[in-house]
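Me: I've got a new protein model open and I'd like to talk it through. Can you help me read it?

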Amino acid sequence: MKNLYRTASLGVALALFTALTPALLTPALADGTAYVNKGLVGVGRIPASRKDKFGETFGSGSGMSIDAKGWTHDATGYKGSLWLLPDRGYNVVGTTDYRPRLNTIAIELAPVAPGAAPAAGQEQSGVKATLADTMLLTDDKNADATGLDPLNGVRAAVGDMPMLPQADNGKLALDNEAIARLPDGTMFISDEYGPNIYRFSADGRLMSATQPPAALVPMRRGKPNFASDNPGPGAAEPDPKDPETGRQNNQGLEGMAMTPDGKFLIAVLQSAPRQDGGDSPATRQNTRALVYDASDPAHLKLVHEYVVPLPVFKDAKDKTKVAAQSEILALSDKTFLMLARDSGNGQGLKGDASLVRQIFVVDVSAATDIAGGAFDAADKPVAPKGVLDPSVTPAKLTPFIDMNDKAELGRFGLHNGAPNDHDNLSEKWEAMSLVSVLDPKLPDDYFLFVANDNDFMTQDGFQVGAPYKAEDGADVDTMFLVYQVTLPGLSANSLVAN
């Protein structure tokens, strides 16, 4: 099904959203650029029970980066590899001493023509994904890091390294969420705890860290406290449970991407900071996009900052909710794709039908730049109780891809909602990356890979020295959905940083 971004009727998709977000009604970018979604062209899975080379349950896509340089095409299809970033490990009943890591996935893509139906018996086909390698991520001393909640720990700033979240066992605490890999093999990784942006070497060692403005740093009783209210075994909850200002628990830098020219790094908070309405699911709409000058990767410099209004919708009980963002993909320093979704619905959970699982185009070209101003301080909310300061113009959002589209999912034997089985999409879709279709007749066409975070849910799990089984018999595979999209203005050579 073709969706012309500039002129398409928003129809059912926009019916989910309320007048609380007038920016959502904007049908095009200021320069008239048209983006086209040609639809799903491939689906692939990695089984939920897969183990990595350390013998632990493989975790899937909190972040993803395709190796554009190694992407090839021949008569049989496409081949390449991508890096898939898991988060802090299986943590249904609390966090564990899971060692952060990065997975390398070998990919083969034999796309189905846009709009065509796969052959009978091959509905979920087109993508073959194979776990090829796993690399641990360590701190700057090459010591193990951990997924444990940093309940009380703050590692003091030393030299150029700012204060960092530290678990009670003394290890650097990481809850990784997004990755941007650079041409030299080094990589930026964003996390929830800080919420920080980390730079790692090609072999996984921490090289530097960037702390966000004070407005985003979680504070309890007047001091930085990076706990997320997910204590490890035998540990107590933080006091107070929630930060007073800064990022809400588990709502850190969920989305991050390098611009195609490699000059800027954009990071977006999952939802509004506490003081900006982030203390309520109904008012957490006004999140922030941070734009860093990345010309010196060791010393990122904040140069722009914008308010991004998240999608607002009504749930089944007619309650106003905000769909948090799960990932971004930069198209320029002024535009990026943003994946936003609801929570609590999908395979492996009690709820079955998602109301919002959608990719938007975000345009900041007319938004107010608040970088370095009063709103970067914790005591000056930009949206007290969720109401945006009238001096601030937010970014504009336009719906681009509805991942819950019944017809598109149905072509590949998938669905959204009942029955809540293996073919129902899982809750957390949190990773995106682009790569060229390598067709000179379609120079502006790309494959958009989208992957889920399966939360390590399996009936045959093993982590941190112990077996486990996910609740309610859940076996949630790692999944890849591949869309073919037309994005004028990009070039394949400029995407090496993504």
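Reply: Sure, let's start with a term: strands are DSSP runs (E, at least two residues), numbered from the N terminus, and two strands pair if DSSP finds at least two bridges between them. This is a predicted model, where local features need pLDDT of at least 70, side-chain atom pairs count only at pLDDT 80 or more, and totals for chains, interfaces and linings use all residues. Residues are numbered from 1 along each chain as its sequence is written, and side-chain values use heavy atoms, leaving out hydrogens and water.

Me: Which strands stand at the edges of the open four-stranded sheet, and why does each have a side without a neighbour?

Reply: The pairing here is antiparallel, in the order β10-β11-β12-β13. An edge strand has a single partner, so one side of it has no neighbour in the sheet. That puts at the edges β10 (176-181) and β13 (206-210).

Me: What is the bridge partner of S190 in β12?

Reply: Look at β11 (residues 187-191) and β12 (residues 197-200), which run antiparallel and are joined by four bridges. In β12, S190 is partnered by I197.

Me: Which strand gives the largest share of the largest nonpolar core?

Reply: A nonpolar core is a set of buried (under 20% relative accessible area, 1.4 Å probe, protein chains only) Ala, Val, Leu, Ile, Met, Phe, Trp, Tyr and Cys residues joined through side-chain atoms within 4.5 Å. The largest one has 29 residues, with I359 and L448 making the most contacts inside it. Strands supplying at least two residues each include β2 (36-46) and β27 (445-452). The largest share, four residues, comes from β30.

How values were computed
Buried < 20%, exposed > 50% of the residue type's maximum accessible area, 1.4 Å probe, protein only.
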